[in-house]
Amino acid sequence: MSSGTNKRELAKMQADGDGPAVILIQPQMGENIGACARAMLNCGLTDLRIVSPRDGWPNEKAVSASAGATLVLDRVRVFDSTEAAIADLHKVFSTAARVRDLVKPVVTPREAANEMRGHWSAGRKVGLMFGPERTGLVNDDITLSDTLISVPLNPGFSSLNLGQAVLLIAYEWWMTGVEAEDRYLHTGASEPATKSELQNLFDHLEGELEQSGFYTHPDKRPSMIRNVRNTLQRCGMTEQEVRTFHGVIAALTGRKKQRNKEEG
């Protein structure tokens, strides 16, 4: 999916429930469930499953905290046990800060996302399991998962709230399916200047500099021209910026010529 995902593609993706299911085990606060729903929809996930929510379901506080992610909340499924919540899944990844007495493969969120994408592409249903806010997942739940996700954060302070944890991993999943540019120039309503437009600007500027006597040493003229061109080239100018720069040059040289005419 490209970074230019259109509304029709997004609607289809949401209708199909594309991506891993998110399973919240005994979440305590409706606000946290809403924050998770918001994080999920940010990253195109819509399959939210809740196991034994402390305050029951539905929960108005979840709705208000979801920032409009009702597409997720309207489809929530509630289960009485972890086993029932993951019954239809082929692979389950779980998050845990500390694991004792269990042998499990442990991956980073980025690696987990790559592995989940591989399973999903092969037609296998995948789930992401998160524990209660205060305690995290217990070993009985972790045992039901295939792989653990460990987030490499500051060892002196690695605490994440539930919504943050869901967003962090869901974002890595999302990024495995988009072609996002790492860097680009936002040009607003103007297009980037063409090489021809830049060349016209160079000619205009260099002609005026020549007339003003800027090039005092003929032997240095080529290197000075290259430096000026390189400076302007680095700016990544838009069509509008080139036109503005032409106007600046014309205004400056026009005033000088007018002064010279008056003095003459």
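Biologist: Accessible areas here come from the Shrake-Rupley method with a 1.4 Å probe. On that basis, what area does the protein chain expose?
Modeller: About 15,900 Å². Carbon and sulfur atoms supply 50% of that area. Bear in mind that this is a predicted model.

Biologist: And how many helices and strands are there in the protein chain?
Modeller: Eleven helices and seven strands. The chain has 264 residues, and 36% of them are buried.

Biologist: What share of the contacts join residues at least 24 apart?
Modeller: 84%, taken among contacts between residues at least 6 apart in sequence.

Biologist: Let's take H8. How many residues has it, and how far does it reach?
Modeller: H8 has 14 residues. From first C-alpha to last, the helix reaches 20 Å, close to the 20 Å expected at 1.5 Å a residue.

Biologist: Which residues of H8 are buried?
Modeller: Leu-162, Gly-163, Ala-165, Val-166, Ile-169, Ala-170, Glu-172 and Trp-173.

Biologist: What do those buried residues of H8 pack against?
Modeller: Four strands and two helices, if you go through them: S1 (21–25), S4 (91–95), S6 (126–130) and S7 (147–149) are the strands. The helices are H2 (30–42) and H6 (109–121).

Biologist: What happens at the start of H8?
Modeller: A side-chain oxygen of Asn-161 comes to within 3.2 Å of the backbone nitrogen of Gly-163.

Biologist: Now Tyr-171. Where is that one found?
Modeller: In H8, which covers residues 162–175. Tyr-171 is partly exposed, at 41% relative accessible area.

Biologist: Which residues make the nonpolar surface patch?
Modeller: Tyr-171 with Leu-167 and Met-175. The patch comes to about 250 Å².

Biologist: Why would residues spaced like that point the same way?
Modeller: An α-helix has 3.6 residues a turn, so residues three or four places apart point the same way.

Biologist: Switching to charges. How many salt bridges does the count come to?
Modeller: Eight. One of them pairs the side chains of Arg-49 and Asp-47, at 3.0 Å from N to O.

Biologist: Is Arg-49 buried or exposed?
Modeller: Buried, with 0% relative accessible area. Asp-47 has 16%, so it counts as buried too, the cut-off being under 20%.

Biologist: Which residue forms a salt bridge with Asp-88?
Modeller: Lys-125. The closest N and O atoms are 2.7 Å apart. This pair links distant parts of the chain, 37 residues apart. Asp-88 sits in the loop between H5 (82–85) and S4, and Lys-125 in the loop between H6 and S6.

Biologist: How accessible are they, Asp-88 first?
Modeller: Asp-88 is partly exposed at 32% relative accessibility. Lys-125 is partly exposed as well, at 34%.

Biologist: Which residues do the shared partners join into one network?
Modeller: Asp-47, Arg-49, Arg-77, Asp-88 and Lys-125.

Biologist: What about Asp-55, where does it lie?
Modeller: In the loop between S2 (48–51) and H3 (60–65). Asp-55 is partly exposed at 43%. Its side chain meets that of Arg-54 in a salt bridge, 3.2 Å from N to O. Arg-54 is exposed, at 51% relative accessibility.

Biologist: What is Asp-55 in contact with, leaving aside neighbours within four places in sequence?
Modeller: Gln-28, Met-29 and Gly-30. There is also a spacing to Pro-27: 8.4 Å from C-alpha to C-alpha, with the two positions 28 residues apart in sequence numbering.

Biologist: Last stop, the loop after H8. Where is Ser-190 found?
Modeller: In the loop between H8 and H9 (195–212). Ser-190 is buried, with a relative accessible area of 12%. Leaving aside neighbours within four places in sequence, Ser-190 is in contact with Thr-238, Glu-239 and Gln-240.

Biologist: And His-186, buried or exposed?
Modeller: Exposed, at 66% relative accessible area. His-186 lies in the loop between H8 and H9.

Biologist: How far apart in space are His-186 and Thr-238?
Modeller: 9.9 Å, C-alpha to C-alpha. In sequence they are 52 residues apart.

Technical notes
Residues are numbered from 1 along each chain as its sequence is written. This is a predicted model: local features need pLDDT of at least 70, side-chain atom pairs count only at pLDDT 80 or more; totals for chains, interfaces and linings use all residues. Side-chain values use heavy atoms; hydrogens and water are left out. Patches are made of residues with over 30% relative accessible area and no salt bridge: like charges are joined within 9 Å, nonpolar side chains (Val, Leu, Ile, Met, Phe, Trp, Tyr) within 5 Å. A salt bridge is a side-chain nitrogen of Lys or Arg within 4 Å of a carboxyl oxygen of Asp or Glu. Buried means under 20% relative accessible area, exposed over 50%, partly exposed in between (1.4 Å probe, protein chains only). The expected span of a helix is 1.5 Å times one less than its number of residues. Contact means heavy atoms within 4.5 Å. A polar contact is a pair of N or O atoms within 3.5 Å; within protein, one must be able to donate a hydrogen and the other to accept it, and residues adjacent in sequence count only if both atoms are side-chain atoms.
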